[in-house]
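Trainee: I would like a close look at one part of this assembly. Please take me through chain B, from its contacts with other chains to its interior.

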Number of protein chains: 6
Amino acid sequence: MILPNIETFIGCESSFEEASIVLYGAPFDSTTSFRPGARFGPAAMRHESFGLETYSPYQDRDLMDISVFDSGDLELCFGSSEMALSDIQKRAEEILEADKFPLLLGGEHLVTLAAVRAVAAKYPDLHIIHFDAHADLRDDYLGARLSHACVLRRCHELLGDGRIHQFCIRSGEREEFRFAAQHTDFHPLSFDGLEETVRELKEKNVPIYFTIDLDCLDPAVFPGTGTPEAGGVTFLELLEAIRTVAQANVVGADVNELAPMLDASGVSTATACKVLRELLLAIAK
Amino acid sequence: MILPNIETFIGCESSFEEASIVLYGAPFDSTTSFRPGARFGPAAMRHESFGLETYSPYQDRDLMDISVFDSGDLELCFGSSEMALSDIQKRAEEILEADKFPLLLGGEHLVTLAAVRAVAAKYPDLHIIHFDAHADLRDDYLGARLSHACVLRRCHELLGDGRIHQFCIRSGEREEFRFAAQHTDFHPLSFDGLEETVRELKEKNVPIYFTIDLDCLDPAVFPGTGTPEAGGVTFLELLEAIRTVAQANVVGADVNELAPMLDASGVSTATACKVLRELLLAIAK
Amino acid sequence: MILPNIETFIGCESSFEEASIVLYGAPFDSTTSFRPGARFGPAAMRHESFGLETYSPYQDRDLMDISVFDSGDLELCFGSSEMALSDIQKRAEEILEADKFPLLLGGEHLVTLAAVRAVAAKYPDLHIIHFDAHADLRDDYLGARLSHACVLRRCHELLGDGRIHQFCIRSGEREEFRFAAQHTDFHPLSFDGLEETVRELKEKNVPIYFTIDLDCLDPAVFPGTGTPEAGGVTFLELLEAIRTVAQANVVGADVNELAPMLDASGVSTATACKVLRELLLAIAK
Amino acid sequence: MILPNIETFIGCESSFEEASIVLYGAPFDSTTSFRPGARFGPAAMRHESFGLETYSPYQDRDLMDISVFDSGDLELCFGSSEMALSDIQKRAEEILEADKFPLLLGGEHLVTLAAVRAVAAKYPDLHIIHFDAHADLRDDYLGARLSHACVLRRCHELLGDGRIHQFCIRSGEREEFRFAAQHTDFHPLSFDGLEETVRELKEKNVPIYFTIDLDCLDPAVFPGTGTPEAGGVTFLELLEAIRTVAQANVVGADVNELAPMLDASGVSTATACKVLRELLLAIAK
Amino acid sequence: MILPNIETFIGCESSFEEASIVLYGAPFDSTTSFRPGARFGPAAMRHESFGLETYSPYQDRDLMDISVFDSGDLELCFGSSEMALSDIQKRAEEILEADKFPLLLGGEHLVTLAAVRAVAAKYPDLHIIHFDAHADLRDDYLGARLSHACVLRRCHELLGDGRIHQFCIRSGEREEFRFAAQHTDFHPLSFDGLEETVRELKEKNVPIYFTIDLDCLDPAVFPGTGTPEAGGVTFLELLEAIRTVAQANVVGADVNELAPMLDASGVSTATACKVLRELLLAIAK
Amino acid sequence: MILPNIETFIGCESSFEEASIVLYGAPFDSTTSFRPGARFGPAAMRHESFGLETYSPYQDRDLMDISVFDSGDLELCFGSSEMALSDIQKRAEEILEADKFPLLLGGEHLVTLAAVRAVAAKYPDLHIIHFDAHADLRDDYLGARLSHACVLRRCHELLGDGRIHQFCIRSGEREEFRFAAQHTDFHPLSFDGLEETVRELKEKNVPIYFTIDLDCLDPAVFPGTGTPEAGGVTFLELLEAIRTVAQANVVGADVNELAPMLDASGVSTATACKVLRELLLAIAK
């Protein structure tokens, strides 16, 4: 008998029951204000992952050694951010209820809000570690408060001052940089201060949500994103930063803002896949 | 003294006061369910129009002979369809109040709803002539009732049975084709029946809103659109159909669904520009 | 509990047991002599099919009404044509043994040979109806006898004179055209003669293998193929020809030579999906 | 001993001495006012011609049966039209002196002027048959009289009234259409009138320069050109028109305005190659 | 009343009178010898600048705090370098007469000559600081002395020895490197020596024309240029070098050689926009 | 008399007799398992090399000072690896017999095996220096032992332990890394250890085959390759490593895995050309 065609991220072939980590895709980009296309990110990563090895020479670990279930992409409504966020949050809650690690693949960065709502409900003392080129701290964007440009501001409303740790930020309105100076733990332009931050959070055993906007990477190696910002971190710096964060108590995570059609060479997708492989290997217990 | 850089569609350089036709762009595509990018349509048309002549050998008329004002693109909110529609409708109302012809450049097809709301308020006996590959008659799309896939259904709720005349439709759910059979004047696959329809509407001097989804064209000549459907009409068939419709009492119009980034050759944008030139020359009194 | 991510061509969600038609993908293009990339054809069709409706207004039928199982892509060896053909043939045999209709998605045209070997073993009096821009009748191509350019010649060796019916052919060496004149039922440039051919085969109730090289289409609507040949048939002509062939006793089929990366607009893939939908609806009993 | 790498258009491997037709490339596009890139046309045709067969089923002739020498591309100065034209003219004169047929590959359409200067010097009663989307009859373009947009106007200054026969023209300023009405034999939009024109010229045995701007083709099949104009002729119509013209006394020719980078699918280049093959086979004695 | 559509680089919305800096675009690339397309640079920067923030975290300054007028693109003749240069020079002179800072957006690098002619007329002791991958010191290029490859050589003829300071140069003929060794202040491959050079020029209060060929950047982050040269400087190195130069008495400047169509990802244009923002903020008093 | 069109890599215009180095192209990629297109690498390098200077400021040497013959591309069979390898090996043998340096342009990496077979026959104590992102040490790939993924494993069978020196490797199966640890001189991730390795080989005057898989470069500067791997070396690091290796007794070399169509910007091809120029200048005696 011939089996149906199951498509997962490479090496993520566990059943839901066996898995300790669950991937879920949120192909949503309705609030993207510049170049859309992040909706195609998770499917592209799944599809192109077959150009990737499951083995990481950086960590000397293999995806075949860990247990990950890939639940595919949610079918989300375009045109209503609240409906889309609600569906994403529900999926995150299902995963958390089963005591598994939810790893969200965006989509635009707004999808993070849905996951944070779910994770913060389970872990009220949640902190966020945020890698991004953009501060994402606007109060609204052309009237919309549910916007990729506001997502960390909405998270701040949930979590309060000093619980959001931002790194690599190199773009935003002056107002956002001022807000950050007062309300978040803000590390512009690079990963300076990350080791110390993680050490402290680890000592307190604080639960951490880890959100990676892939545009923290320099557009040289990651052009396939809606709002590329020159002056970013290198791929190897990002890998090291991920391994640093993974030493702490990470309880949920996401990787977002790959817009594969914007980089016809396929390098951005290949790089996103490798980031995800390294993240999975770093957080798997 | 050096003047600022005013950018209009070629040959549309009248002031608002002088103009009989007013172009307004709605760069919105938040509900696009497949490939986004129609938001870039109106700016691309304006920008690429400089590869076009103002003179039409088909009609032996020149844009320099008529009076068109190009008001540029509205700044619309991504992520809230109702807010975007409201801003578009307001602009259409301003133009109608000044007794000028509103010509909307989309964006995705949902923007038509805003214009139809404004035009139907002024002309309660409004009919719609609709050129499209898709019926756009769904009641909702994944829960959203404000969606490009539902826009003619929403128009039907405004206008009622027998007031919507659809041509070239070659894609939709079975349910939409059934709805059309009962509620609209439905002409699938081609322009068959257009001349007769227009003659009747003209005899009754009915006010007409004319909406052109450019994907009615065959993707051979118009690949730059979100959901291309093979088997469409030719460019010359569309030009002739436009001149046919223009003989009736057209009181508002739109041209939409150019997604310029999807056709790197630029042919789709050039073709859209020529459609707009021919439409302007045909409707100008 | 969350289910794994099953990816099929749209509307092809039957189980193997229930299905009367079985799709199987052969992502192989190692012998392509000009522009490779047909290996990505079947996955692209599966993935992009979600921009397609399941309902056909041409046939007033819906994929939801028929039973198709999509077995996904085979994992084939690049660099050994014989090994790849062997794996494809084995899959075709499995499907035929279960008395289901095998519908192969290529890949380059050489993959047809594997399916024909399997089908001819079951139906010794098999005929082939062949739509293509190229005759594919070379005896060898730079020494290789297993080559996309030789595939119908190899089929001729299996079936003999007068059993291969070729349509739309508009490219080849002089030698191939001479061979065709003597050994195949040859209809260059168009579908002229197709109705008559089908009527005769139907009358004799001959079993038919139906192979569609998508480059029979004009490159205007189907640029995404390795060796595009201007002067092809239109999409609507192809649809009509498919429905004509489907009236006879078709016992196996394939659709091949979509190279999706060569057409960044996505139109070629969308068109290929529609051809497959129409073919499925036409052959389903 | 190993031979150097000679690159010619496929099947054009005669020596200069043996050849009756000589190809020469003019990779120039400095006056292109919209999208440049025609400079890459002749090299792309030469390079991509290896995806083409040497045999034409349309004419049942083969390039291997005729004698064509490909002299490659001239090395032309960008930034001085007069210097570039002078170099092209010199090459045309060399070919004419050797009593061979000069077949120029552009480049932008301005290059035709250089060839016409050379050919008209040898044949003072020269006529021109001109296939194009554009009239190219401006007196100047932003001050430049040597411009692709003026090339037929410059030819008219050389040859005078009634000696230029224009077909398929569908774009230009009103002024150009007026000029044409008075001074050229003008056939807008299609090949209507071509057979009669050729019959008359043939009866008088008039020497003809035949210039094909490939943008006469519809952009559906030929998007790779600087100023695509929807509403053009089909590939098969062009082939037939070429065979018609070839019946008369053609003494020089060119094929121009392929801008290969504008059509990443490669279809435009493949189509241009086929046009050249058919032209060579039609004019070869 | 509805206002016309004024398009400027983001945040450059002053009137001419109020502005201290005036942007002017020169969409010219007729002498480009390899890949053309720099003509589209200034319009692309203006258009894509809306993906950029007006605030710079690098300088903690905002475009909203300074006064810049964007005069749009000149309409230049293709095919006559002297006519184009003359029009550019005239515009530069107008700006200088009004005692404003002229900031030219190219176009190919030849346009710099026009600006230098104007600026040197006002400031006879002018020096040039030149960032580029190429020396641009040829005496002629295939006979043309007005060529992008000769522009600094022409400037040298105006200014004489020791007044041109070149940085990052990594490509040229041997002859150009020899010329540079004797006649210019030459710093190949990097910005080594820039601080010292600027300190000296500042001490003497020498007026400086600052010309940035964006291909000084590594093609990793700036592929969208006609002749990319691996081994360039990073974006952050360029920003720092710009701030260094801005400390001296800069009286005119340009940014050139963005060819946006060559980088479909949009990263090159986004990077060029950011370079311009940082340059504006650095030179604004 | 007009000469035929000889196309070589820039500055490589010696005759075979005069030359000390002979370029030969192997346009083969039939075993590429992910994205094909390396077959187009050598022709693209030859063609695009005219955007390159012959002079290297890095080495202060010029291609015009050395003697290189470019024999063009072999015509290889797609679909039979053994036939293709045999033709490549034969060409390498011809070059070696004439006591010239064979410099192979791939093509996929499998082509190296053919050259190594020829070179090892002449120099039985051959060592290999291998720059690559991938270990290429699999025993088979989906059953094929002649595969790009196995090429160094096949070379190891020819040469034995300790004779293969691998650098920059950052991708492979765990098994390949284990094999390398036991059987090759393995330097993952960077060029660490290269100087020492070369010094030792130079002291022993060991003959060296030098194979450069261009994907050792970071995809930021070299996206145009089938399997890009983030985290690679920079262009300047590669240049320095090449000059280091060239100090030893290099007797054959290759540059491979450029897939030019995957990088529409042309940067990858331009970079490959520069790598080849620097390699030629470094190894020329």
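Mentor: What follows goes through the partners of chain B and then moves inside the chain. The model is a predicted one.

Start with chain D. How many residues does each side bring to this contact? Chain D gives 21 residues and chain B gives 22 residues. Between them the two chains bury about 1,800 Å². Carbon and sulfur atoms carry 55% of that area. Three residues stand out on the chain D side: Phe34(D), Arg174(D) and Ala230(D). Together they supply 31% of the area that chain D buries against chain B, more than any other three residues.

Now the charges. Chain D and chain B share four salt bridges. One of the residues involved is Glu229(D), which pairs with Lys274(B). The closest N and O atoms of that pair are 2.5 Å apart. Polar contacts also cross this interface, in five residue pairs with both residues at pLDDT 80 or more. By class, the side of chain D facing chain B holds nine nonpolar, four polar and eight charged residues.

Turn to chain A. Here 24 residues of chain A meet 24 residues of chain B. The buried area is about 1,700 Å², with 62% of it on carbon and sulfur atoms. How many salt bridges cross between chain A and chain B? The count is zero. Polar contacts are present, though: five residue pairs, both members at pLDDT 80 or more. The chain A side of this interface has twelve nonpolar, eight polar and four charged residues.

How does chain A map onto chain B? A turn of 180° with a shift of 0.0 Å along the axis lays chain A on chain B, at an RMSD of 0.0 Å. The two copies are therefore related as by a two-fold rotation axis. In chain A, Ser30(A) has the C-alpha nearest that axis, at 2.3 Å. Both copies use the same surface, since 100% of the contact residues of chain A recur in chain B.

Some chain pairs make no contact. Chain A and chain D are one such pair, and their closest C-alpha atoms lie 12 Å apart. Chain C and chain E do not touch either, with nearest C-alpha atoms 12 Å apart.

Go inside chain B now, to helix α1. This helix spans residues 41–48 and is mostly covered, with six of its eight residues buried. Which residues are buried in α1(B)? They are Gly41(B), Pro42(B), Ala43(B), Ala44(B), Met45(B) and Arg46(B). Within chain B, the buried residues of the helix pack against strands β1 (21–26), β4 (68–73) and β5 (101–106), and against helix α8 (267–283). They also pack against α1 (41–48) of chain E.

Finish in the loop that follows. Thr54(B) sits between α1 and β2 (55–56) of chain B. Is Thr54(B) buried or exposed? Thr54(B) counts as buried, because its relative accessibility is 15% and the cut-off for buried is under 20%. The side chain of Thr54(B) makes a polar contact with the side chain of Asp62(B), at 2.9 Å. Leaving aside residues up to four places away in sequence, Thr54(B) touches Ile10(B), Gly11(B), Arg61(B), Asp62(B), Leu63(B), Met64(B), Arg277(B) and Leu281(B).

Note on methods: Residues numbered from 1 in each chain as written. Chains lettered and ligands numbered in written order. Predicted model: local features only at pLDDT ≥ 70, side-chain atom pairs only at ≥ 80, totals over all residues. Heavy atoms only, no water. Contact = heavy atoms within 4.5 Å. Buried area = accessible area lost by both parts, 1.4 Å probe. Salt bridge = Lys/Arg side-chain N within 4 Å of Asp/Glu carboxyl O. Polar contact = N/O pair within 3.5 Å; in protein donor to acceptor, adjacent residues only side chain to side chain. Nonpolar A, V, L, I, M, F, W, Y, C, P; charged D, E, K, R; others polar. Least-squares fit on C-alpha atoms with pLDDT ≥ 70 in both. Buried < 20%, exposed > 50% of the residue type's maximum accessible area, 1.4 Å probe, protein only. Helix = DSSP H or I, 4+ residues; strand = E, 2+ residues; numbered from the N terminus.
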